[in-house]
Amino acid sequence: MASITDCVVEGLKYPFNDIKKLLGLGVLFALISALSTFISTQSFEVSTITMNFVENANGTVSQMASSQLPTGNIYLIIGLSVLSFIVSLFILGYQYDIVKFAIDKKPELPGFNDVIDLFVKGIKYFIVVVAYNVIPMIVLFAGMVFGGDVSVMMVFILISVVLFIIAYFLLVMAINNMVAHDSIKKAFDFKEITDNIANFGWGKYVGIIIFTVIVYVIIMVAVSFVLSFITVALSIAIPNQIIAISIVAIIEGLFIDSYASIFFNRVCGSIYRESIK
Amino acid sequence: MILEIYKDALEYSAKDWKTLVLLGVICLFSFLLLPIFLIAGYNYRVVSNAVHGIINGRDPLPGFDDLVDMFVDGVKVVIVQIAYLIVPVILFLIFAFIATYLNDMAAVVLVIIGSLITLVVGVIAYLMSQMGLCHMAYNEGVFSKAFELREIKEIIDEIGWFKCILTYCGLIIITFVISTVVSTIIGAVFTVFGFSGLLFSAEAASGIFIFGMLVNWLISLFIVGPYLGIFNSRSIGLLYTMQI
């Protein structure tokens, strides 16, 4: 490979190899978009009811009896959130497979045949992501709780942002390592992870990830620009705003989010493949 | 030598008017953000063709195949240019920042000196960024080569700093002259038409004037702009090959 950015080129083309599977993943993303739109309308309703209560009774939210709360809506919100979490586990499982295929340099996209397997992989992926973000999260919360002064809080937030970034760079290689050996322990084998990155070159590694993120952001900004046009057009054509917004959200989930996530994970897998050479 | 570069680049850019129009169409959609990178990527391809060849007048224009590749190249080009551009900008901001702590007279002097230094650094940074792009293209797109300052400096040393700057001044002048002359000629033609239209009615005259502006805009968008873009890229790429 002449240049490492060729991985990015390859990753951008890769989702077009099998449009059906791209759309299959897109359906999951569209489902999440639809669910989250629905959840936000429901929570808007809840807050409207609560605000009405506060205004009419001159009380505060904590004085509300639980029977006065719109329990139906709240249960609906909780149920839908759990559902969308489960769907996102499937998406993570699929991303796991994409990384796997990238490491093996297979030209086709992974299938959806083994649903249970996808789910298990998704849980693994999720655990690793959470584990890597625990430390910066703790710092962030510590800052929120103990940092009374604004300047102290700023320092805490700054430290946590730096930690988040470091954790992210390690996370990419950690997931690759986990997928390559198909064992969740390998995601926390820091020696092997740092060895892999050192083998690849730290500067090159950070550079390619930043480059990929830049390409990702450019695509997303351009697409959201186009989608905002469509939203405006739709909201003129359709009197119901929520339907217009949901249509755009579903379009974005179906084509854009799925494409972007496949692209990103493919590039990550390719980085691992180059690093163990 | 410099004149040969210009001659080759002028002929090269005029080879295929379809390419120019196609670039113009892409340019028209550049408000969608992605086409900007496509154009940058196309110009990078022109540079790449030039640094791998010699002045021979037979190189074909690069094609529009593999748009994804073109897009990623364009992103690389934009990143390199921004990275080099940041240096003079930060330098100027530092001067401006210090100047706010000084009294009137000293501040003015400092800003003037700072602007001059920024100008010099900016010219150098621009030269280095263009040569960096050529160097990157020469090394098959290896991104880090665009920032190998020592290698790039050696290349410019071999070509000669004076020759480089002279070539750039020439490019700026040629670009300016071509765009001005073309729009002046079209403007003049339509002005004559417009005044002859006055013989009939005022509406006809103003219609002709507006039509003239439209034609001017279209020609500069679809023909002159892309032409000059390819011309500049080709010249810089050929300048890179002038090292001995």
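**Exercises on a two-chain model**

The contact draws on 17 residues of chain A and 17 residues of chain B. The model is predicted.

**Exercise 1.** State how much area is buried between chain A and chain B, and which three residues supply the most of chain A's share.

*Solution.* Begin with the total: about 1,400 Å² is buried between the two chains, and carbon and sulfur atoms give 84% of this area. Next, take the part that chain A buries against chain B: V9(A), F211(A) and I218(A) supply 31% of that part, more than any other three residues.

**Exercise 2.** Find the salt bridge across the interface and describe the side of chain A that touches chain B.

*Solution.* The rule accepts a side-chain nitrogen of Lys or Arg within 4 Å of a carboxyl oxygen of Asp or Glu. K13(A) and D66(B) form a salt bridge, with their closest N and O atoms 3.2 Å apart. One salt bridge is found across this interface. Two residue pairs are in polar contact between the chains. On chain A, α1 (6-13) and α7 (202-237) each give two or more residues to the touching side. α7(A) gives the most, with ten residues. By class, this side of chain A has 14 nonpolar, two polar and one charged residues.

**Exercise 3.** Describe the largest pocket and its lining.

*Solution.* The largest pocket holds about 500 Å³ of space. Its lining has 22 residues, and those closest to the centre are Y126(B), Q130(B), Y168(B), N232(B) and I236(B). Helices of chain B that each supply at least two lining residues include α3 (34-51) and α8 (202-240). The most comes from α5(B), with six residues. Sorted by class, the lining has 16 nonpolar, six polar and no charged residues.

Definitions and conventions. Residues are numbered from 1 along each chain as its sequence is written. Chains are lettered from A and ligands numbered from 1 in the order in which they are written. This is a predicted model: local features need pLDDT of at least 70, side-chain atom pairs count only at pLDDT 80 or more; totals for chains, interfaces and linings use all residues. Side-chain values use heavy atoms; hydrogens and water are left out. On a 1 Å grid over the protein atoms alone, a cavity is a set of points where a 1.4 Å probe fits but cannot get out, and a pocket is an open set with protein on both sides within 12 Å along at least five of seven lines; lining residues have an atom within 4 Å of a point. Grid points are joined across faces, edges and corners, and a volume is the space filled by probe spheres set on the points. Helices (H or I, at least four residues) and strands (E, at least two) are DSSP runs, numbered from the N terminus. Ala, Val, Leu, Ile, Met, Phe, Trp, Tyr, Cys and Pro count as nonpolar, Asp, Glu, Lys and Arg as charged, and the others, Gly among them, as polar. Contact means heavy atoms within 4.5 Å. Buried area is the accessible area (1.4 Å probe) that two parts lose on being put together, summed over both. A polar contact is a pair of N or O atoms within 3.5 Å; within protein, one must be able to donate a hydrogen and the other to accept it, and residues adjacent in sequence count only if both atoms are side-chain atoms.
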